[in-house]
Amino acid sequence: MIEPLSTWRMDTTVNEETPKRPRGRPKGKVSPDKKKKAMSLVRQFFFPEKSWMVDSYAREQRRILIKSELANRKDAREKFACFVKFVKPDFFMAPFHAKICNEIDEMLNGGQWLAVSCPPRHGKSELISRLLPAYLLGKDPSKNYILCSYSQSLACKNQRDCLRIMSDPKYKLLFPNTILPTRLDKHYIGRMDFTELVHPVNGHEKYGSIKSCGVGSSLTGFGGSLICDDLVKDRDSANSEVMREKTQDWYASTARTRVDSAKDFVFLVGTRFHPNDIIGNCLSNKTGDIFKEIKLPAIAEPNDLLG
């Protein structure tokens with residue numbers, strides 16, 4: 001038979017050879033961050049639908065990320081180098097790119113006009129002819145800019161690439177008031193070499209514009225700041241006295257006359273093939289303007305700007 005419960009006795013003897021089980025919390029303090037992270041995981045597991053409301057750790061992390069994002073946007077609106085990193089994170093910002101960006105910021109703050117000479121295939125067209133106009137139109141959509149190159153087709157291509165950057169959602173986060181026209185706008189102009197921005201209020205009033213042209217093209221009726229990228233095609237054109245005079249005459253009689261010295265600027269960038277090319281003539285004051293030379297050779301020279 002089974003003994004009644006009242007007769008049962010518990011064996012209270014302890015085997016001294018068996019190690020005692022430790023009780024209480026382990027020695028050592030747990031950091032507050034680990035506590036918050038542990039509580040965050042517990043809340044997300046037991047209360048997934050309310051974790052975003054009661055999770056202070058996740059809320060603090062979101063606050064830090066938002067604060068960092070707002071700081072990056074502010075820097076991107078004020079500094080050209082930060083704008084390039086924000087809009088095109090895959091752009092490799094070399095030291096000479098950063099040097100050009102800093103000089104551009106100084107020029108926009110009232111500094112001298114710039115004449116930059118650098119080797120080919122170093123990203124100068126991406127930086128100057130595509131990213132810079134987008135940045136300038138974002139800072140002030142009421143301005144007019146003229147993109148110049150040795151051919152009309154290349155200038156139009158740079159303009160299209162610039163408009164693609166301005167259509168990117170990241171760009172609209174920085175400059176929501178810079179609005180590109182669509183075919184539904186009343187004053188839409190479907191031209192490959194000219195784009196006029198739209199007023200953010202009424203949607204059809206004139207605002208700013210971007211115009212592309214090649215050497216020898218007409219600019220009658222247009223005005224604004226000049227951004228000249230590679231006005232000389234290659235070494236053969238630079239060595240030809242006829243081509244040099246043609247480029248110089250077009251710049252002096254057509255392009256330069258479109259610039260209002262009080263509010264506009266001229267930015268020259270290209271590869272130097274001849275000492276008497278357009279950049280050389282501008283630096284020697286033959287055009288009557290004062291430029292600041294930024295010389296960035298492929299092989300560093302004594303007293304190089306980059307050290």
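Two strands are taken to pair if DSSP finds at least two bridges between them. This criterion was applied to a predicted model of a chain with 11 helices and 7 strands.

Strand S1 pairs on this basis with S6, to which 4 bridges join it in a parallel arrangement. Within this pairing, Leu268 of S6 is the bridge partner of Ala115. S1 is also joined to strand S7, which spans residues 291-295, by 5 bridges, and these two strands likewise run parallel. Here Val116 has Ile294 of S7 as its bridge partner.

The surroundings of S1 were examined next. The strand covers residues 113-117, and because 5 of its 5 residues are buried, S1 is largely enclosed by the rest of the structure. Burial in this sense means under 20% relative accessible area. Cover is present on both faces of S1: Trp113, Ala115 and Ser117 are buried on one side, and Leu114 and Val116 are buried on the other. Ala115, bridged to Leu268 of S6, thus belongs to the side that carries Trp113 and Ser117, whereas Val116, bridged to Ile294 of S7, belongs to the side that carries Leu114.

Internal cavities were then considered. The structure holds 2 cavities of 30 Å³ or more. The second largest cavity has a volume of about 60 Å³. Its lining is made up of Cys228, Asp230, Leu231, Val232, Leu268, Val269, Gly270, Thr271, Asp277, Ile278 and Ile279. The elements that give two or more residues to this lining are strand S6 (266-270) and helix H11 (278-283). S6 gives the most, with 3 residues. By class, the lining of the second largest cavity has 7 nonpolar residues, together with 2 polar and 2 charged ones. Leu268 appears in both parts of this description, as a lining residue of the second largest cavity and as the bridge partner of Ala115.

Over the chain as a whole, 40% of the 307 residues count as buried. Of the contacts between residues at least 6 apart in sequence, 70% join residues at least 24 apart. The chain exposes about 19400 Å², and carbon and sulfur atoms supply 54% of this area.

Conventions:
Residues are numbered from 1 along each chain as its sequence is written. This is a predicted model: local features need pLDDT of at least 70, side-chain atom pairs count only at pLDDT 80 or more; totals for chains, interfaces and linings use all residues. Side-chain values use heavy atoms; hydrogens and water are left out. On a 1 Å grid over the protein atoms alone, a cavity is a set of points where a 1.4 Å probe fits but cannot get out, and a pocket is an open set with protein on both sides within 12 Å along at least five of seven lines; lining residues have an atom within 4 Å of a point. Grid points are joined across faces, edges and corners, and a volume is the space filled by probe spheres set on the points. Ala, Val, Leu, Ile, Met, Phe, Trp, Tyr, Cys and Pro count as nonpolar, Asp, Glu, Lys and Arg as charged, and the others, Gly among them, as polar. Buried means under 20% relative accessible area, exposed over 50%, partly exposed in between (1.4 Å probe, protein chains only). Contact means heavy atoms within 4.5 Å. Accessible areas come from the Shrake-Rupley method with a 1.4 Å probe; for residues, only the protein chains shown count as cover.
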